[in-house]
Amino acid sequence: MSSQRKLRYADDVLGGPEAAERARLAAMATVCDPTTIRVLDELGVAAGWRCLEVGAGGGSIAAWLAGRVAATGQVVATDIDTGHLTGLTAECLTVLRHDITRDPPPDGAPFDLIHARFVLEHLPERDKVLDRLVTWLRPGGTIVIESIANFPLDSSPHPPFGQAMHAIGQVLAKTIGTDSTWARRFPGPLADRNLVGVGTTAHLPATGGANASALCWTLTLTRLRARIREFDLASDDTLDQALELLADPAFFDLAFATAIAWGRRPA
Ligand SMILES: C[S@@+](CC[C@H](N)C(=O)[O-])C[C@H]1O[C@@H](n2cnc3c(N)ncnc32)[C@H](O)[C@@H]1O
């Protein structure tokens, strides 16, 4: 089992070219984009800004940024796997295969905005990555980090669902080093790096009613099921019951929260 801890996100744990992964990223975007866009809008993202979208996934936020910064701005959308970004086209937008843990700053640095959603919590070297990202901001530039946070799970009134969601967090921790508690300190990691104007909020979407969040967690649980069983983190019965609940239009609960933190490099 110990060799499994050396796995990375795209080592067939999550990621990959399959239609199910594309659907998972699309469901994630449906659930989370409105909140992300509200936060970016409130932080003043405007025409002419140079933006870096880290771990862009299916590219929905990169596409929104490209529309907002318009022809005078620039958006660089990076990912270690750009397979789901092929449909992105805008004059101001560049798609780049890039590993945020080790590759040099992309052309366009320093940036007015750096945004990463559901990326750093999956990287064991998240503190070093955050150090790097902060140095890629122009003076006065803004960084926005979003991460899953597991704090709502303990109070779930549906034990099979709560256990299955916990098992997702645990199996990602054991395989790729995900930390689903890191974001509970937000905006600490940004304040620690001497950013100013720091703030935080949390988004806690309902999972259920056969909505996009239920679909996203169904696809995630299905993808991780074999590894959850391998580590014996939940029984087959529990996982079957959780999937049945997620498919039930009458079911509602709260899964992981999304914690969002922001801050500016001093001008
Ligand atoms: C959970 S998905 C989130 C996608 C997108 N940010 C969103 O919120 O819709 C995580 C993304 O981070 C990418 N990723 C994982 N490790 C990475 C790394 N070292 N460098 C760049 N991207 C990475 C994955 O390929 C995947 O697209």
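Which residues does R193 touch, not counting residues up to four places away in sequence? The close-up views below come from a predicted model, and the opening view takes up that question.

**View A. R193 and its surroundings.** Leaving aside residues up to four places away in sequence, R193 touches D127, L130, D131 and V134. R193 itself sits in the loop that runs between helix 5 (188–191) and strand 6 (196–203). Its relative accessibility is 19%, so R193 counts as buried, the cut-off for that label being under 20%. Look also for the backbone oxygen of P189, which lies 2.8 Å from a polar atom of the R193 side chain.

**View B. R126, a buried arginine without a salt bridge.** Here we're looking at helix 3 (residues 126–135), where R126 is found. R126 is buried, yet it has no salt bridge. The nearest side chain of opposite charge belongs to D179, and it is 4.3 Å away. A salt bridge would need a nitrogen-to-oxygen distance within 4 Å, so this pair doesn't make the list. D179 still turns up among the contacts of R126, along with L120, E121, G177, T178 and W182, once residues up to four places away in sequence are set aside.

**View C. The ligand and its neighbours.** There are 16 residues around the ligand, and G55, D79, D99, I100 and R117 come nearest. Two backbones face ligand nitrogen atoms: a backbone N or O atom of G55 lies 2.7 Å from one nitrogen atom of the ligand, and for I100 a backbone N or O atom lies 3.0 Å from a nitrogen atom of the ligand. D79 uses its side chain instead, with an N or O atom there 2.5 Å from an oxygen atom of the ligand. On its own the ligand has 600 Å² of accessible area, and the protein covers 95% of that.

**View D. R223 and E21, a link between helices 6 and 1.** The model has 15 salt bridges in total, and this view picks out one that joins the side chains of R223 and E21, at 3.5 Å from N to O. R223 belongs to helix 6 (residues 212–230) and E21 to helix 1 (residues 19–42), so to speak a long reach: the pair links distant parts of the chain, 202 residues apart. The two partners differ in exposure: R223 counts as partly exposed at 26% relative accessibility, while E21 is buried, with a relative accessible area of 3%.

**View E. Salt bridges around helix 1.** Two pairs share this frame. In one, E42 forms a salt bridge with R38, and the closest N and O atoms are 3.4 Å apart. The two are four residues apart in helix 1, which puts about one helical turn between them. E42 is exposed, with a relative accessible area of 59%, whereas R38 is partly exposed at 40%. In the other pair, the side chains of R68 and D41 meet at 2.8 Å, N to O. R68 lies in helix 2 (residues 60–69) and D41 in helix 1, so this salt bridge ties together parts that are 27 residues apart in sequence. R68 counts as partly exposed, at 29% relative accessibility, and so does D41, at 39%.

**View F. A salt-bridge network.** This last view moves from pairs to a group. R225, R229, D232, D236 and D240 are linked in a network of salt bridges.

Definitions and conventions
Residues numbered from 1 in each chain as written. Predicted model: local features only at pLDDT ≥ 70, side-chain atom pairs only at ≥ 80, totals over all residues. Heavy atoms only, no water. Buried < 20%, exposed > 50% of the residue type's maximum accessible area, 1.4 Å probe, protein only. Lys, Arg positive; Asp, Glu negative; His and termini not counted. Contact = heavy atoms within 4.5 Å. Near = heavy atom within 4 Å. Polar contact = N/O pair within 3.5 Å; in protein donor to acceptor, adjacent residues only side chain to side chain. Areas by Shrake-Rupley, 256 points an atom, 1.4 Å probe, with all protein chains shown as cover.
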